[in-house]
Amino acid sequence: MEEQDRIIITCAVTGAIHTPSMSPYLPITPEQIIEESVKAVEAGASIIHIHARDPTNGRPTTDINIFKKICSGIKERCGAVICVTTGGGGTLGIPVVERVKVVPALKPEMATLNMGSMNFSIHPLLKKYKNFKYDWEPEYLEMTKDIVFRNTFKDLEEALRIFKENGTKPELECYDVGHIYNTAFMLNEGFLEPPLRIQFVMGILGGIGTSIEDLLFMKQTADKLIGKENYTWSVVGAGRSQFSLGTTAAIMGGDVRVGLEDALYIEKGRLAKSNAELVTKIVKIVKELGRRPATPDEAREMLRLKGKNKVAF
Ligand code: KMH
Ligand code: ZN
């Protein structure tokens with residue numbers, strides 16, 4: 001079956017959830033992020049999901065120049081599809097119009113769009129770590145306990161207008177079932193055009209959990225509201241569910257995202273030494289299941305992207 005043949009593997013190489021003291025392998029500088037991305041693509045990823053960090057202390061940033069350096073560095077060295085964040089992190093309290101500035105600036109093939117407001121909280125990580133290298137790390141984790149990650153309907157309208165103007169395909173991040181209802185609403189109102197690209201982000205505090213029933217419910221809700229033929233989907237399982245949910249998604253015909261943004265461990269008690277190690281593991285699993293990792297150009301075709309020469313980096 002065609003749908004069950006090729007699988008798009010996304011690698012989220014650094015993100016904005018984990019902080020430098022949590023793993024020495026988390027890429028921080030543009031050079032490290034570029035190197036990790038290229039190796040992840042060599043291992044079988046076709047999409048690289050990008051966040052930027054201040055190279056001096058690892059703090060997540062929305063600095064366009066850093067994003068540009070990372071994106072152009074990756075583009076020079078491999079053909080990956082680049083999907084830039086508009087979610088930020090470190091910027092969870094900043095309005096979407098500010099976070100979305102990276103879209104007109106870089107005109108990427110893809111960028112994330114977070115489909116609802118929530119208390120996206122990573123404060124429980126504070127209990128796991130005692131010693132932090134930088135003062136900003138514990139402050140940042142604590143702050144998320146009381147921050148509303150704002151993505152109102154007005155924000156979504158404004159962001160989608162900007163995506164459209166720049167030919168950037170939104171990857172619609174749904175952290176809970178209500179976000180799928182929001183997506184269907186935006187589709188019905190004409191702000192989105194099928195085929196949609198939906199990512200079920202599971203296991204973030206403030207959103208849905210990581211059981212197989214949770215994933216089935218997300219998928220069934222999307223099928224019901226949006227229609228199977230109108231969207232493709234991928235799964236993020238945060239933390240220890242990265243491989244269990246990824247495997248389930250692969251069996252169900254969906255795509256999968258791995259990477260140090262979502263999980264620092266390759267298995268219980270053992271830190272992943274690189275993003276490529278995580279990609280290699282999921283590639284092995286999906287091949288055993290009879291699926292073949294899509295190349296970046298196949299992913300472009302499957303997702304109907306505008307092409308790597310139409311970006312501004
Ligand atoms: N941070 C992840 C849990 C985004 O960057 O906009 C979800 C994500 C969304 O990757
Ligand atoms: Zn992200």
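**E173, the zinc site and M186**

E173 sits in strand β8, which covers residues 169-174. In this predicted model, E173 is a bit of a curiosity: the residue is buried, yet it makes no salt bridge. The nearest side chain of opposite charge belongs to R257, and that one is 4.4 Å away. Since a salt bridge calls for a side-chain nitrogen of Lys or Arg within 4 Å of a carboxyl oxygen of Asp or Glu, the pair of E173 and R257 at 4.4 Å does not make the cut. What E173 does have is a polar contact with Q199, side chain to side chain, at 3.1 Å. Leaving aside residues up to four places away in sequence, E173 touches T112, L113, N114, M115, H179, Q199, V201 and R257.

Some of these names come back at ligand 1. There are 14 residues around this ligand, and T85, T112, N114, R257 and E261 come nearest. So far as polar atoms go, the side chain of T85 places an N or O atom 2.6 Å from an oxygen atom of ligand 1. For H49, a polar side-chain atom lies 3.0 Å from an oxygen atom of the ligand. G87 joins in through its backbone instead, with a polar atom there 3.2 Å from an oxygen atom of ligand 1.

H49 also turns up at the metal. The zinc ion, ligand 2, has three protein donors listed by atom: NE2 of H49, NE2 of H51 and OE of E261. These donors lie 2.1 to 2.2 Å from the zinc. Along the chain they follow the spacing H-x1-H-x209-E. E261, one of the zinc donors, is also among the residues that come nearest to ligand 1. As for the two histidines, H49 counts as buried because its relative accessibility is 2%, below the 20% cut-off. H51 is buried too, with a relative accessible area of 6%.

Over in helix α8, which runs through residues 177-188, is M186. With a relative accessibility of 1%, M186 counts as buried. Its contacts, again not counting residues up to four places away in sequence, are M115, F153, L156, E157, L160, F191 and L192. M115 is thus a shared neighbour, since it is touched by M186 and by E173, with contact taken as heavy atoms within 4.5 Å. G269 is another matter: it is 83 residues from M186 along the chain, and the C-alpha atoms of the two are separated by 42 Å.

Methods. Residues numbered from 1 in each chain as written. Chains lettered and ligands numbered in written order. Predicted model: local features only at pLDDT ≥ 70, side-chain atom pairs only at ≥ 80, totals over all residues. Heavy atoms only, no water. Donors = N, O, S within 2.8 Å, 3.2 Å for Na, K, Ca; no water. Buried < 20%, exposed > 50% of the residue type's maximum accessible area, 1.4 Å probe, protein only. Helix = DSSP H or I, 4+ residues; strand = E, 2+ residues; numbered from the N terminus. Lys, Arg positive; Asp, Glu negative; His and termini not counted. Polar contact = N/O pair within 3.5 Å; in protein donor to acceptor, adjacent residues only side chain to side chain. Near = heavy atom within 4 Å.
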